[in-house]
Amino acid sequence: MTRPLPDLHNHEFAEHWAGLSQGRVRIRRCRSCGRHAWPPRPTCRACFSLDHEWVDVEPHGTLYSWTVVGHATLPGFESPYAVVLVELTAPVGVRLLGSYDGELADLKIGQPLTARPVQVTDEVHLLSWSHPETSKNPDDTDGAVATDDHDTEVGEYQ
Ligand SMILES: [Zn+2]
């Protein structure tokens with residue numbers, strides 16, 4: 001069963017979803033004062049400028065908070081599962097939501113997490129956060145960088 005998915009045509013977020021489908025994590029930055037903003041808003045919260053651009057960020061950070069959903073109330077989710085709020089290492093002060101791929105018992109505030117876009121439908125990729133040491137594929141001994149391995153996980157989310 002398909003779970004609820006983001007509206008790819010919502011103009012405030014469209015660049016973000018498009019970025020994830022290209023393997024990039026993109027957020028807004030104010031062209032006037034340089035402040036990064038997430039979630040995006042029409043005006044900069046610092047200087048009220050309407051002039052913004054989209055920039056790539058590295059999906060590395062620390063666990064700021066999380067919640068464990070014990071009884072799924074939406075289709076397409078297998079409970080229990082965790083939703084995490086991760087504070088990026090850079091830029092400072094930006095927090096991203098995402099799903100969590102790991103043991104629930106391993107969730108601890110402040111621990112490092114890293115994310116990658118995971119394909120959930122033909123068009124939609126969502127961020128999935130995991131512990132850095134478990135995000136590497138131990139069987140990948142040929143030195144290839146596993147940038148496209150999200151394609152192998154489609155089945156988990158449908
Ligand atoms: Zn600004």
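A residue counts as buried if 20 or more other C-beta atoms lie within 10 Å of its own, with C-beta atoms placed from the backbone. The exercises below use this cut-off on a predicted model.

**Exercise 1. State which residues of helix α1 are buried, how they are arranged around the axis, and what covers them.**

Solution.
- Step 1: Helix α1 spans residues 14-21, and its buried residues are His-16, Trp-17 and Leu-20.
- Step 2: Viewed down the axis of α1, these buried residues fall within an arc of 95 degrees, so they line one face of the helix.
- Step 3: The cover over the buried residues of α1 includes β1 (25-30), β7 and β8.
- Step 4: After α1 comes Gly-23, and the phi of Gly-23 is positive, near 80 degrees.

**Exercise 2. Give the make-up of the protein chain and the order of its elements.**

Solution.
- Step 1: The protein chain contains one helix and eight strands.
- Step 2: Read from the N terminus, the order is α-β-β-β-β-β-β-β-β.
- Step 3: The protein chain has 158 residues, of which 21% count as buried.
- Step 4: Take the contacts in the protein chain with a separation of 6 or more: 50% of them are between residues 24 or more positions apart.

**Exercise 3. Trace the barrel and describe how its strands are set against each other.**

Solution.
- Step 1: Five strands form a closed barrel in the order β4-β5-β6-β8-β7, and the pairing is mixed.
- Step 2: With direction ignored, neighbouring strands of this sheet are turned by 50 degrees against each other on average.

**Exercise 4. Identify the bridges that join β7 to β8 and to β4.**

Solution.
- Step 1: Strand β7 covers residues 112-119 and strand β8 covers residues 125-130; the two run antiparallel and are joined by six bridges.
- Step 2: Among the bridge partners, Pro-117 goes with Leu-127 in β8, and Val-118 goes with Leu-126 in β8.
- Step 3: β7 and β8 make up a hairpin, with five residues between them.
- Step 4: Strand β4 (residues 60-69) also pairs with β7 in the antiparallel sense, over three bridges.
- Step 5: One of the partners here is Pro-112 in β7, which is bridged to Thr-62.

**Exercise 5. Explain why β7 is described as largely enclosed.**

Solution.
- Step 1: Apply the cut-off of 20 or more other C-beta atoms within 10 Å.
- Step 2: Six of the eight residues of β7 are buried, so the strand is largely enclosed by the rest of the structure.

Note on methods. Residues are numbered from 1 along each chain as its sequence is written. This is a predicted model: local features need pLDDT of at least 70, side-chain atom pairs count only at pLDDT 80 or more; totals for chains, interfaces and linings use all residues. Two strands pair if DSSP finds at least two bridges between them. Helices (H or I, at least four residues) and strands (E, at least two) are DSSP runs, numbered from the N terminus. Axes are lines fitted to C-alpha atoms, for helices over the stretch in contact, and angles run from 0 to 180 degrees between N-to-C directions. A residue is buried if 20 or more other C-beta atoms lie within 10 Å of its own, exposed if 12 or fewer, and partly exposed in between; C-beta atoms are placed from the backbone. Two residues are in contact if their C-beta atoms, placed from the backbone, lie within 7 Å. The arc is that of the directions from the helix axis to the C-beta atoms.
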